[in-house]
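Trainee: I would like a close look at one part of this model, namely the way its neighbouring helices are packed. Could you take me through that part slowly and in order?

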Amino acid sequence: MIKTTFLLFFFSFLNTIKGQEIAQIENIKINSKELNQNREILVYTPKNYKENPYSNYDVFYIFDSQNREFFDYTHSIISFLSDASKKFIVVGIPSPYIEKLDYARNNDLLPYPKNTAIKDFYGGYAGNADNFLSYVKNEVVPYIENHYRTLKHRTAIGHSLSASFVVYSFLNEPNLFDNYIAISPNFSFDKERLVDDLYHFDFSKLKTNKFLYLSNANEDEYWKVWKPAREKVYSFLKDSLKTDKLKFVIKDFSNETHWSTFPPSLNFAIQYYFNSIYSEQQNELSTEEYEITINVKVPNKDDELFITGNQISLGNWNPNQIKMNKKSDFERELKVKIHSPAQFKFTKGNWETEAVIKNGTMENLTIIPKEKKEYHFEITQFNE
């Protein structure tokens, strides 16, 4: 009986320390002025999002999320591919069939044709991609960034025609997203329109570095025109592209079908992003410098407290470089100049003594310092 009671207490204690909040998915309705339609988006927030008010996340935007498997698979694999070290907000953007308008997915994803008669172009279910792109830019992204704690990097993910739309968004709104994951896009539509647009794209429009991932499956048996268009794009990127603003990766999954390619292709893309792109983007800081004060309540009056974070003034993740000043027996303080976003943790001077914040989290604390000048934290214990 004593052993059972101890185990129950132990696991209850763990839940208190690690937090009890689970990941959440919300359905948000948007009355779109850009589309003149009522739309819905899905928003995934990771575990402890609400419990840790100093957690901010980059955002993945998943197109074609009327197929929930695309959205659900994406938010589910992030933890596994990052060994539970990375978290994101994931937004699903559906393109449903609206019966009373006779409006379908292809209307969202395909622009009005330049080289084909509209009646011959996907049966007329096309032509609204520019308005759909405006809906994403002017309504979906602002909603997410006004209602959720986001960082600045955005990733667009699409499959098939929504992958074509991801490429279309890169060519027409090149600074809306930072990373573009296009799985099995159709480059042949409208007589290879995307190919021509890519040939004539002005890469000087890119204000920041971009990442483009393209993949293909074994689609050529069904859509023979896809391969020559795709090969023109691959050849241009490999042989003719002259810019240091775009990093691209091309991956062949010809052992997969058009549908089955999504999981392995997305796995590869996200793993590559984590290994080669993520850290560089996370290290991007604002040019502006902000002077702030960080106040921390400690559990014991003899506690020496160090702060360690993502920039020089925070010790560049060295756990014993920046010692906080003793303000009173149970208060520690540091006045510091930082760049945004600032990410940090508290320790006693080594990584074996990370602090547990009052809400139960040991995650990185993130602040956007332009929002205010003074921040308060309370440490409940150290992980000793």
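Mentor: What follows is a description of the helix packing, with some background on the chain beforehand and a single loop residue afterwards.

The model is a predicted one, and its protein chain contains eight helices together with 17 strands. The C-alpha trace spans about 75 × 55 × 40 Å along its principal axes, and 52% of the 384 residues count as buried. Where contacts join residues at least 6 apart in sequence, 72% of them link residues at least 24 apart.

Two packed helices are described by the angle between their axes and by the distance between those axes, and the two pairings that share helix α5 can be taken in turn.

In the pairing of α5, residues 161–172, with α6, residues 189–199, the helices pack at an angle of about 40° and their axes lie 10 Å apart. Because angles from 65 to 115 degrees count as roughly perpendicular and those under 35 as roughly parallel, α5 and α6 are therefore described as oblique to each other. The crossing of α5 and α6 is left-handed. On the α5 side the contact is made by Ser164, Val167, Tyr168 and Leu171, and on the α6 side by Phe189, Arg193, Leu194, Asp197 and Leu198. Sorted by character, the residues of this contact comprise six nonpolar, one polar and two charged.

In the pairing of α5 with α4, which covers residues 129–147, the axes come within 11 Å and cross at roughly 75°, so α4 and α5 are roughly perpendicular to each other. Here Ala129, Asp130, Phe132 and Leu133 of α4 meet Phe165, Tyr168, Ser169 and Asn172 of α5, and the residues of this contact divide into five nonpolar, two polar and one charged. Tyr168 of α5 thus appears in the contact with α4 and also in the contact with α6.

Away from these helices, Asn310 offers a view of a single residue in a loop, the one between β10 (306–309) and β11 (322–323). Asn310 has a relative accessible area of 12%, and because buried means under 20%, Asn310 is buried. The side chain of Asn310 makes a polar contact with the side chain of Gln311 at 3.1 Å, and the side chain of Asn310 also reaches the backbone oxygen of Pro341 at 3.0 Å. Leaving aside residues up to four places away in sequence, Asn310 touches Leu285, Asn316, Trp317, Pro341, Ala342 and Gln343, so that Pro341 is named both among these touching residues and as the owner of the backbone oxygen.

How values were computed
Residues are numbered from 1 along each chain as its sequence is written. This is a predicted model: local features need pLDDT of at least 70, side-chain atom pairs count only at pLDDT 80 or more; totals for chains, interfaces and linings use all residues. Side-chain values use heavy atoms; hydrogens and water are left out. Helices (H or I, at least four residues) and strands (E, at least two) are DSSP runs, numbered from the N terminus. Buried means under 20% relative accessible area, exposed over 50%, partly exposed in between (1.4 Å probe, protein chains only). A polar contact is a pair of N or O atoms within 3.5 Å; within protein, one must be able to donate a hydrogen and the other to accept it, and residues adjacent in sequence count only if both atoms are side-chain atoms. Contact means heavy atoms within 4.5 Å. Axes are lines fitted to C-alpha atoms, for helices over the stretch in contact, and angles run from 0 to 180 degrees between N-to-C directions. Angles under 35 degrees count as roughly parallel, over 145 as roughly antiparallel, 65 to 115 as roughly perpendicular and the rest as oblique. A crossing is left-handed if the near helix is turned anticlockwise from the far one by less than a right angle, and right-handed if clockwise. Ala, Val, Leu, Ile, Met, Phe, Trp, Tyr, Cys and Pro count as nonpolar, Asp, Glu, Lys and Arg as charged, and the others, Gly among them, as polar.
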